[in-house]
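Visitor: Hi, could you walk me through this one? I'm new to it.
Guide: Sure, have a look and ask away.

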Amino acid sequence: MARVYSSEHGRMCPNCRQPINNCRCQKQTNNNNTPNDGIIRVGRETKGRKGSGVTTVTGLPLNDKDLKKIAKELKKKCGSGGTIKDGVIEIQGEHRDRIVTLLEGKGYTVKRVGG
């Protein structure tokens with residue numbers, strides 16, 4: 001059977017072929033492929049950004065509302081823009097040292113990853 005393109009449901013999960021909002025397999029796996037060991041990982045990423053780097057924060061055990069709140073605080077302290085994608089906070093620019101210090105001050109166990 002040939003696949004037919006449809007925008008009726010928006011993005012579809014490639015594994016269970018359900019709309020992303022109703023995805024069954026997303027609830028079973030960790031979305032950002034990081035271990036859920038209670039350690040916050042702060043790294044730098046340039047892939048797909050035309051050389052411009054972003055600082056990524058993964059592993060925060062927070063719901064969406066609290067994640068947005070902490071992302072807003074990190075952006076303000078770094079004086080930079082940013083976003084949240086799939087539970088990963090992305091802050092524009094190189095701010096790893098500052099973010100590690102801020103999160104350790106909040107009582108999190110933080111690890112700096114990458115070069």
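Visitor: Let's start with helix α1. How far apart are its end C-alpha atoms, and does that agree with what its residues should span, or disagree?
Guide: This is a predicted model, and in it the end C-alpha atoms of α1 (residues 64–78) are 21 Å apart. At 1.5 Å a residue, its 15 residues should span 21 Å, so the two agree.

Visitor: Which residues of α1 are buried?
Guide: L67, I70, A71, L74 and C78. Looking down the axis of α1, you'd find these buried residues within an arc of 105 degrees, so they line one face of the helix.

Visitor: And what's exposed on the other side of α1?
Guide: Lysines: K65, K68, K69, K72 and K76 are exposed there.

Visitor: What covers the buried residues of α1?
Guide: The cover includes three strands, β2 (54–58), β3 (82–85) and β4 (88–92), plus the helix α2 (96–105). α1 lies across β2, β3 and β4, and runs at about 20 degrees to β4.

Visitor: What follows α1?
Guide: G79 does, and its phi is positive, near 65 degrees.

Visitor: OK, zooming out. How many helices and strands does the protein have?
Guide: There are 2 helices and 5 strands. Starting at the N terminus, the elements go β-β-α-β-β-α-β.

Visitor: In what order do the strands sit in the sheet?
Guide: The order is β3-β4-β2-β1-β5, in an open sheet with mixed pairing. β3 and β5 (109–112) are at the edges with a single partner strand each, so each has one side without a neighbour in the sheet. On average, neighbouring strands here are turned by 20 degrees against each other, ignoring direction.

Visitor: What holds strands of a sheet together, generally?
Guide: They pair through backbone hydrogen bonds, and the pairing is either parallel or antiparallel.

Visitor: Which way do β3 and β4 run, parallel or antiparallel?
Guide: Antiparallel, with 4 bridges joining β3 to β4. One bridge pairs K85 with V88 of β4.

Visitor: How about β2, what are its bridges like?
Guide: β2 is joined to β1 by 5 bridges and to β4 by 4 bridges. β2 runs antiparallel to β1, and antiparallel to β4 as well. As for who faces whom, R41 stands opposite T58 in β2, while T56 stands opposite E90 in β4.

Visitor: How many residues of β2 are buried?
Guide: 5 of the 5, so β2 is largely enclosed by the rest of the structure. V54, T56 and T58 point one way from the strand, T55 and V57 point the other way, and all are buried.

Visitor: Why do they switch back and forth like that?
Guide: Because in a regular strand the side chains alternate between the two faces of the sheet.

Visitor: Over to α2. Which of its residues are buried, and which are exposed?
Guide: R96, I99, V100 and L103 are the buried ones. Seen down the axis of α2, they fall within an arc of 100 degrees, so they line one face of the helix. On the other side, D97, T101 and G105 are exposed.

Visitor: What do those buried residues of α2 pack against?
Guide: Their neighbours are β1, β2, α1, β4 and β5. The helix lies across β1 (39–45), β2, β4 and β5, at about 165 degrees to β1. After α2 comes G107, with a positive phi near 95 degrees.

Visitor: Pick V100. Why does it count as buried?
Guide: Its relative accessibility is 13%, and buried means under 20%, so V100 qualifies.

Visitor: What does V100 touch?
Guide: Leaving out residues up to four places away in sequence, V100 touches V42 and V110. The C-alpha atoms of V100 and R112 are 7.3 Å apart, although 12 residues separate the two along the chain.

Visitor: Last topic: how confident is the predictor, and where does pLDDT stay under 50?
Guide: The average pLDDT is 79, and 71% of the residues score at least 70. It stays under 50 over residues 27–32, where the model has 9 contacts beyond four places in sequence.

Visitor: And how much of the whole protein is buried?
Guide: 30% of its 115 residues.

Key: Residues numbered from 1 in each chain as written. Predicted model: local features only at pLDDT ≥ 70, side-chain atom pairs only at ≥ 80, totals over all residues. Heavy atoms only, no water. Expected span 1.5 Å × (residues − 1). Buried < 20%, exposed > 50% of the residue type's maximum accessible area, 1.4 Å probe, protein only. Arc of directions from axis to C-beta. Contact = heavy atoms within 4.5 Å. Pairing = 2+ DSSP bridges. Axes fitted to C-alpha atoms, helices over the stretch in contact; angles between N-to-C directions. pLDDT = per-residue confidence, 0-100.
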